[in-house]
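The following exercises concern strand pairing, burial and side-chain contacts. Each task is followed by a solution in steps.

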Amino acid sequence: MKNVVEIRNLTKTYGKNRGVTNVSLSIGQGDIFGFLGPNGAGKSTTIRSMLGFLKINSGSIKILGMDSVKDHAKILENVGYMPSESWFYSSMKVKDVIKYAADVRGIDCTGEAEKLCERLKVDRDKRIKELSYGNRKKVSIVCAMQHKPRLFIFDEPTGGLDPLMQRTFFDLIEEYVNEGATCLLSTHVLSEVNKYCRHGAIMREGELTMLDSVLIDDDTFLRFYEE
């Protein structure tokens, strides 16, 4: 199995503030990889470095066999990224936001977008300002998935979703992965990783610990944070 993500000795600092230190991990094709850790642990910094949004201090990152710096634009063509906080123009209608996200990529995602909106019960005629937090999350999911990327990266995607929509979201991930995609799921919810992920790691204070198994209990999970 070839690796879709290869990070070697990644270090990113913010002056005197902690970023991430000497992070190394690999994610194989077809994996659903759980990226665990509390808020501020360094998960988002790692993800933004992977996508070339941050200039790293040292280390190397390859995504889909491409260099995160030199091949930044090409990587983004093949990635579906959902940040933990998504911002849309409040006066835009949902259908226009989804179409705009497709137009930026220069592709027609109409059919896939319609399928996703139906599965996630997204009201495309509402304006963003009329949506609850959970419904805005669903719009973000559609925008990240509609172009059927080779790699999905979700940063805290299930906040605000009811249990049924959480189940639907993970069903969709499994369907795309079964078609050849790979998924990185950043979360602080242990049960999601235990239930849906195949491999995983824990970030704590900017450092990473690979997990031998994602099936860990609450006590073991807490020890990673307290040690």
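**Exercise 1.** Determine which residue of β8 stands opposite isoleucine 153, and how β7 and β8 are paired and connected.

*Solution.* Step 1: isoleucine 153 has leucine 184 of β8 opposite it. Step 2: β7 (residues 151-155) and β8 are parallel partners joined by five bridges; strands here are DSSP runs of E with at least two residues, helices are runs of H or I with at least four, and both are numbered from the N terminus. Two strands pair if DSSP finds at least two bridges between them. Step 3: from β7 the chain passes through helix α6 (residues 163-178) to β8, a right-handed β-α-β crossover (clockwise from the first strand over the helix to the second, with the strands pointing away from the viewer).

The model is predicted: local features require pLDDT of at least 70 and side-chain atom pairs pLDDT 80 or more, whereas totals for chains, interfaces and linings use all residues. Residues are numbered from 1 along each chain as its sequence is written, and side-chain values use heavy atoms, without hydrogens and water.

**Exercise 2.** Identify the parallel partner that β3 has, and establish how many residues of β8 are buried.

*Solution.* Step 1: β3 (residues 32-36) runs parallel to β8, with five bridges between them. Leucine 36 faces threonine 187 of β8 in this pairing. Step 2: in β8 (residues 182-187), six of six residues are buried (under 20% relative accessible area; exposed is over 50%, partly exposed in between; 1.4 Å probe, protein chains only). Step 3: this burial includes Thr182, Leu184 and Ser186 on one side, and Cys183, Leu185 and Thr187 on the other.

**Exercise 3.** Analyse the surroundings of glutamate 192 with respect to contacts and charge.

*Solution.* Step 1: glutamate 192 belongs to helix α7 (residues 190-196). Step 2: beyond four places in sequence, glutamate 192 touches Thr158, Gln166, Phe170, Leu185, Thr187 and Cys197 (heavy atoms within 4.5 Å). Step 3: glutamate 192 is buried without a salt bridge (a side-chain nitrogen of Lys or Arg within 4 Å of a carboxyl oxygen of Asp or Glu). The nearest side chain of opposite charge, lysine 137, lies 9.7 Å away; Lys and Arg count as positive, Asp and Glu as negative, with His and the chain ends not counted.

**Exercise 4.** Explain why one side of β2 and of β5 has no neighbour in the sheet.

*Solution.* Step 1: the open sheet has four strands in the order β2-β1-β4-β5, paired antiparallel. Step 2: β2 (17-28) and β5 (66-67) are edge strands with a single partner each, so one side of each lacks a neighbour in the sheet.
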